[in-house]
Amino acid sequence: MADFLSREFPMTETNFQSIAKIAYEVTGIVLGEHKKDLVYSRISRRIRSLKLHNFDEYINVIEDNNSSEFTSFVNSITTNLTSFFREPHHFDFLKETALPALKKKGKTPLIWSAGCSTGEEPYSIAMTLDNFYGGNTFGGAKILATDLDSNVIDTGRCGIYDASRIEALDTKIKQKYFKHLNDEVAVSDKLKPVIQFNRLNLLGPWPMKKKFDIIFCRNVIIYFNKETQLELFKRYQDALNPNGYLIIGHSENLHGVTDNFISLGKTIYQKK
Ligand SMILES: C[S@@+](CC[C@H](N)C(=O)[O-])C[C@H]1O[C@@H](n2cnc3c(N)ncnc32)[C@H](O)[C@@H]1O
């Protein structure tokens, strides 16, 4: 602990535990001991920006969930790592299995990207839909893209990214879906009407009335404990249509969490 006490703003064990408790209660994110450095650097930035003097003062501010700082606190503890066509086998599955199955049933796909971060995931889904249906129709599909972090939702809506983020993509995809603006790229306007970006805490109420055919919730549950995961998977089961698909991240699985889904392999599950 000496390390954290001798820094610019001393952070005691009690300070760290208070922050971890608030984060867990509100977001489900578990900030374990190994996250101390991350918490220290992100919260110090907030303390500096608010011109406060120490962690105690900052904790006093965020103990009020309605404080204007609370959103910035929540935004500061999320980890938003993502990329276009991350875990590409999921997009192959979408194109080769899920969309053909829905098309055969005459269904218009309703897809949820839950924990969408800065939007690369829902835009990759939209490009896959366009590729599958052609003719700029997207098969009438709609994508709901939600995240707890309001900053990433703004980035997603805007659809402008550093050009380096599309370097590894196939040339055809780059030409078809991105426009260069100096060092940045803008996603094609034709993808935007298909996606609705909204801020949503997965632990809070879900206002959506319709059920989904496919839910992507990738690299989100790794931040939660088993109890929160179980609760979330029960809700995903209810939020899916019969035979709907749930797609999770490469390091995640439903073992020991729920047996309400059949594994189709490669972290793809189908509602029983
Ligand atoms: C690592 S990113 C994953 C992004 C994308 N799904 C992917 O796999 O590339 C995890 C996202 O989950 C979001 N998240 C964490 N807790 C959440 C919660 N309680 N409700 C909604 N989103 C949450 C974070 O803000 C972050 O953007």
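Let me begin with N201, which, once its neighbours within four places in sequence are left aside, is in contact with V26, T27, L148 and W206. Please keep in mind throughout that what we are looking at is a predicted model.

As for where this residue belongs, N201 is found in the loop that runs between β6, residues 195-199, and β7, residues 212-217. One of its contacts can be described in more detail, since the side chain of N201 reaches the backbone oxygen of V26 at a distance of 2.7 Å. I would also point out A114, which is 87 residues away from N201 along the chain, although the C-alpha atoms of the two are separated by 9.4 Å.

L148, which I named among the contacts of N201, takes us on to the ligand, because a pair of N or O atoms within 3.5 Å is counted as a polar contact, and a backbone N or O atom of L148 lies 3.3 Å from a nitrogen atom of the ligand. Two side chains also approach the ligand through polar atoms: that of R86 has such an atom 2.8 Å from a ligand oxygen, and that of N219 has one 2.7 Å from an oxygen atom of the ligand. Taken alone the ligand would expose 600 Å², and the protein buries 99% of that area.

Where, then, does the ligand sit? It is placed in the largest pocket, with 22 residues around it, of which T82, R86, G115, D147 and N219 come nearest. If we sort the residues of this shell by character, we find 8 nonpolar, 9 polar and 5 charged.

Terms used. Residues numbered from 1 in each chain as written. Predicted model: local features only at pLDDT ≥ 70, side-chain atom pairs only at ≥ 80, totals over all residues. Heavy atoms only, no water. Near = heavy atom within 4 Å. Polar contact = N/O pair within 3.5 Å; in protein donor to acceptor, adjacent residues only side chain to side chain. Areas by Shrake-Rupley, 256 points an atom, 1.4 Å probe, with all protein chains shown as cover. 1 Å grid on protein atoms, 1.4 Å probe; cavity = no way out; pocket = protein on both sides within 12 Å on 5 of 7 lines; lining within 4 Å. Sits in = over half its atoms within 2 Å of the grid points. Nonpolar A, V, L, I, M, F, W, Y, C, P; charged D, E, K, R; others polar. Helix = DSSP H or I, 4+ residues; strand = E, 2+ residues; numbered from the N terminus. Contact = heavy atoms within 4.5 Å.
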